[in-house]
Protein chains: 2
Amino acid sequence: MPRPEWLRQGRNPPFLSRLEPNGPSDRRNLMRAKPNDVDLRERAAKVIPNGMFGHEATHLLPASFPQFFSRAKGAYIWDVDGNRYLDFMCAYGPNLLGYGDELIDAAATRQLALGDTMTGPGPVLVDLCETLVDMISHADWVMVCKNGTDATTMALTAARAQTGKRRVLVAEGAYHGAAPWCTPMPGGIVPEERAFISKYKYNDVASLEAAVAAAGDDLAAIFASPFKHDAFEDQALPDPAYARRARELCDQTGAMLIVDDVRAGFRLVRDCSWELVGVRPDLSSWGKSFANGHPISALLGSNSCRAGAEAIYATGSFWFSAVPMAAAIETLRILRESDYLERTIRLGERLREGLAAAAARHGFSLRQTGPVQMPQILFNDDPDFRIGFAWAEAMLERGVYVHPWHNMFLNGAMSETDIDFAIEAADGAFAQVREHVGELEPHATLMSLLGAH
Amino acid sequence: MPRPEWLRQGRNPPFLSRLEPNGPSDRRNLMRAKPNDVDLRERAAKVIPNGMFGHEATHLLPASFPQFFSRAKGAYIWDVDGNRYLDFMCAYGPNLLGYGDELIDAAATRQLALGDTMTGPGPVLVDLCETLVDMISHADWVMVCKNGTDATTMALTAARAQTGKRRVLVAEGAYHGAAPWCTPMPGGIVPEERAFISKYKYNDVASLEAAVAAAGDDLAAIFASPFKHDAFEDQALPDPAYARRARELCDQTGAMLIVDDVRAGFRLVRDCSWELVGVRPDLSSWGKSFANGHPISALLGSNSCRAGAEAIYATGSFWFSAVPMAAAIETLRILRESDYLERTIRLGERLREGLAAAAARHGFSLRQTGPVQMPQILFNDDPDFRIGFAWAEAMLERGVYVHPWHNMFLNGAMSETDIDFAIEAADGAFAQVREHVGELEPHATLMSLLGAH
């Protein structure tokens, strides 16, 4: 499966289309089906660059995918035209235990009545940091922040401060945020801002060793995603030999090992994800889900990087706000005391088996990769994603929101009934795609991004 | 008034002290007065680098200042030992209309019941962007984000993408955030990350012209705070000739003019702050206060920088969360429909006059600078801040939280009674400081930062 040309070359994607991804006729269909969404898109096109931006923009999704949502509860989202979807994107990660969890939101609301953003933090800051240090084996300390990118950038900076070195290794294709040093689409970035960032191949010990050797005595850190969860590609679990070698190389050179658990944190294990391969980092970045959608992220560190953390300056207007901390404390309690993890794994296995069988019944072959509770679902013999896009559209029509090129997420509010609903929808969607497979065309904007232009 | 040596030299501050800023005897006093705060600090010292970090850390405040707060309402905060303070820091800006404003928090809570962080934005995103474009004269579009630093970094990147140029001018001493390109304390930052960032002197046309000339044909942007609100220094309103010249130089070179309104936004005018001097930027950065403490910031732009904004990639896990948007829409409605601004200006004038008179009665001379509703209060003949620190401690004892070296904020929940309470407290505090002025010593940690070490 080729990675997009622009991603491989570190180029910026071509200009994104606005309202009419597949031309006027699609748009007419869309207007019939989702008039409120179309109205909001037309208003948004005036006051938001490209009509929408960032990872939740739908420019690279099938044309029928709604951009705006009016409601979310449990495992479901409702678009602004009242259509309900079983949501396998989970807000791109934050929905870990179900949208609008009543215990978590009650904790948030109680704290809001006391105080949120104040002139200093509340006691919940200390409670939360102690809780995270208790739960995460490698961690001796915590710095809270707001974006995942804050947590990865602080990791970079703390590692450089700790070591006095500059070079930082990241895996090719890995996403570590949208700051100048790491954004995959470098529009407006000057190359100097990513000086001393080098690439290696994930799970490839020889490639990692070569990158470490090339860094000479200037190696500050090695970044690793807990598993390979890059867009447009099959996922891959970490090879324990690679993870162990990363640890050894850091120990030998004095560099910091950083696990970026922003996306996968608490979806694989109730600890840093690399506990599963027996490797402890010096730093780990967290975000998205540990307050179940309330805005907070964090850098966690071992004492091996405490002096570095104490030497950097990092802050933000809302980093010490108490409401998301109260939500996080309640979320973490539920994570410890419930079987959310075991259940989502069982449901993920049920989904994977059900989808494979349904696909086979209709003559399709899927590549379902990564942990079952964070599935990437791609089609064999679909180099330009046209089958995947058509299947995602057919799933959407049947009330299931799946993504054609980004990993998905299960959450703790899903049930066997939900999974069976998704499998039944998939059976119908595969049948529909099979019937029209000869007429499919690739998504125009995606094709321009994939380098077919 | 000298700026700290480490700030002028762009060095990192020395290692911050932890629990005992002024030695064991101070600590004993502190323990008697604020046992809960001391207990939390001791717990925090174990699980948070330096015991606390960022702009709300109290390492550079008098030893008696509490670190942790249990509650906030209206114009007041309560520390974890139950002491109440009239709060002139306003959470360093976010508290614009009063803590816990019931209308704003009700809007937030209503949205929370519908959905917050979802797989796409809610209609409130469009409502909010339209509202901001309506209110801010120069703005044609909006990109929401989470930190003020997000909004300034996106401004930098969008300006470079728009112009294809690299050089960016910022005023010496101005704070534009804590990212590698702008943090005032560059621990862990490599110089390359701030390549093409040059300095000029705020309000100094010749200095600005020289920096523009030095940029040659590589000028991407000029950053300007709406007024000079640097720490440790007197504030200064913008000289209209300087603001107009910045606009002319951008027009001549094609560079983008950026006003960083994160700190001052909506505290000077219900529009971009430079409307007061008749100058419209291409970009303005907003944050802190426009949702009255709910976490949201934004980059606003004119069509002159729309292509640049459309060419950058910027996103965050919680940028499209609906709750802070609902809070922002309600906050902005109140800003338009109430006299909060005129009232805070009247109260600011009352405070300034009252403090000047009280200081004079006790033989002190204050420099009260900047807009009355965002006062900086420094003492003449106090080069090492020892008088200012002692006065701030004496104010704190009397239930008024003032800052000895950072600008402060008034808010819309304050009343004449509150201001008179502060003036009365000040009278007593000046008297107390006068009595002990010969015994004062400078703050040890501050002195090491100010370069006296």
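This is a chat about how chain A and chain B meet in a predicted model.

User: Hi! Anything I should know about the model and numbering before we start?
Analyst: The model is predicted, so local features need pLDDT of at least 70 and side-chain atom pairs count only at pLDDT 80 or more, while totals for chains, interfaces and linings use all residues. Residues are numbered from 1 along each chain as its sequence is written, chains are lettered from A and ligands numbered from 1 in the order in which they are written, and side-chain values use heavy atoms, with hydrogens and water left out.

User: Cool. How many residues of chain A are in contact with chain B?
Analyst: 99 residues of chain A touch 99 residues of chain B, where contact means heavy atoms within 4.5 Å.

User: And what area is buried between them?
Analyst: About 8,500 Å², with carbon and sulfur atoms giving 61%. Buried area is the accessible area (1.4 Å probe) that two parts lose on being put together, summed over both.

User: Which residues in chain A lose the most area to chain B?
Analyst: Phe53(A), Thr119(A) and Tyr313(A), which together make up 10% of what that side buries.

User: Switching topic: how many salt bridges are there between the chains?
Analyst: Six. A salt bridge is a side-chain nitrogen of Lys or Arg within 4 Å of a carboxyl oxygen of Asp or Glu. One of them joins Arg43(A) to Glu130(B), with the closest N and O atoms 2.7 Å apart.

User: What kinds of residues make up chain A's side?
Analyst: That side has 55 nonpolar, 24 polar and 20 charged residues. Ala, Val, Leu, Ile, Met, Phe, Trp, Tyr, Cys and Pro count as nonpolar, Asp, Glu, Lys and Arg as charged, and the others, Gly among them, as polar.

User: How does helix 3 of chain A pack with helix 5 of chain B?
Analyst: They pack at an angle of about 35°, with their axes 10 Å apart. Axes are lines fitted to C-alpha atoms, for helices over the stretch in contact, and angles run from 0 to 180 degrees between N-to-C directions. Helices here are DSSP runs (H or I, at least four residues), numbered from the N terminus.

User: Which residues make that contact?
Analyst: Leu40(A), Arg43(A), Ala44(A) and Val47(A) come from helix 3 of chain A, and among those from helix 5 of chain B are Asp127(B) and Glu130(B). By class, this contact has seven nonpolar, no polar and three charged residues.

User: How many salt bridges over all chains?
Analyst: The structure holds 48. One salt bridge is between Glu310(A) and Arg306(A), at 3.8 Å from N to O. Those two are four residues apart in helix 9 of chain A, so about one helical turn separates them.
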